[in-house]
Amino acid sequence: MKSILLVMAFCVTFLGACAQGKTPELLSPSQYKSLAQKEKGVLVDVRTPDEFASGHLHTALNSDFSGGQFTQEFKDWDKDKTYYLYCASGNRSGKAAQQMRDAGFTKVYNIGGFTSLKEAGLPVNDKK
């Protein structure tokens with residue numbers, strides 16, 4: 001009985017530690033707008049260069065997650081800064097944000113997909 005209680009206590013402690021901000025937070029466009037006004041940060045588009053060239057959020061820098069550019073570049077970024085990552089759907093940016101968290105970055109947010117952000121009225125640079 002004691003061993004079962006010890007295992008249960010360990011699981012609760014372990015899961016609680018994991019839930020305390022280890023996974024990057026996914027922000028809605030409105031949450032991003034609000035937070036970015038209070039906490040300036042670096043806006044990163046992790047889509048491919050072709051996707052980026054077809055349109056991106058104003059001031060975003062491009063660091064291709066799928067092509068491996070992102071994995072090399074973020075290692076040299078300042079861990080004390082805040083980072084807002086997005087891609088086409090939120091999938092790649094979620095994976096990229098998790099890599100950053102695993103590397104010790106603490107202020108990393110996945111802000112989802114470009115289309116949703118654009119539809120929410122965020123300023124974009126569109127290919128015309």
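This passage walks through the overall make-up of the protein and then looks at one helix and the strands around it.

The model is a predicted one. Its mean pLDDT is 87, with 82% of the residues at 70 or more. The start of the chain is another story: over residues 1–20 the pLDDT is below 50, and this stretch has just 1 contact in the model beyond near neighbours in sequence.

As for the overall layout, the protein has 6 helices and 7 strands. Read from the N terminus, they come in the order α-β-α-β-α-β-β-α-β-α-β-α-β. Of the 128 residues, 35% are buried. About 7700 Å² of surface is exposed, and 57% of that comes from carbon and sulfur atoms. Among contacts between residues at least 6 apart in sequence, 66% bring together residues at least 24 apart.

Helix H2, which spans residues 29–38, is a good place to zoom in. Which of its residues are buried? They are Tyr32, Leu35 and Ala36. These three cover an arc of only 100 degrees around the axis, so they sit on the same side of H2. That fits the general pattern: an α-helix has 3.6 residues a turn, so residues three or four places apart point the same way. The face of H2 turned away from the buried side carries the exposed residues Ser30, Gln37 and Lys38.

What do the buried residues of H2 pack against? The answer is three strands: S2 (42–45), S5 (83–87) and S6 (108–113).

Of these, S5 deserves a look of its own. This strand is mostly covered, with 5 of its 5 residues buried. Tyr83, Leu85 and Cys87 point one way from S5, while Tyr84 and Tyr86 point the other way. In general, side chains in a regular strand alternate between the two faces of the sheet. Here the residues pointing either way from S5 are all buried.

S5 also pairs with the other two strands that H2 packs against. It runs parallel to S2, and 4 bridges join the two; in this pairing, Asp45 has Tyr86 of S5 as its bridge partner. S5 and S6 run parallel as well, again joined by 4 bridges. Here Tyr83 has Val108 in S6 as its bridge partner. Helix H5 (residues 91–102) completes this part of the picture: together, S5, H5 and S6 make a right-handed β-α-β unit.

How values were computed. Residues are numbered from 1 along each chain as its sequence is written. This is a predicted model: local features need pLDDT of at least 70, side-chain atom pairs count only at pLDDT 80 or more; totals for chains, interfaces and linings use all residues. Side-chain values use heavy atoms; hydrogens and water are left out. Buried means under 20% relative accessible area, exposed over 50%, partly exposed in between (1.4 Å probe, protein chains only). Contact means heavy atoms within 4.5 Å. Accessible areas come from the Shrake-Rupley method with a 1.4 Å probe; for residues, only the protein chains shown count as cover. pLDDT is the predictor's confidence in each residue, from 0 to 100. The arc is that of the directions from the helix axis to the C-beta atoms. Two strands pair if DSSP finds at least two bridges between them. A crossover is right-handed if, with the strands pointing away from the viewer, the path from the first strand over the helix to the second runs clockwise.
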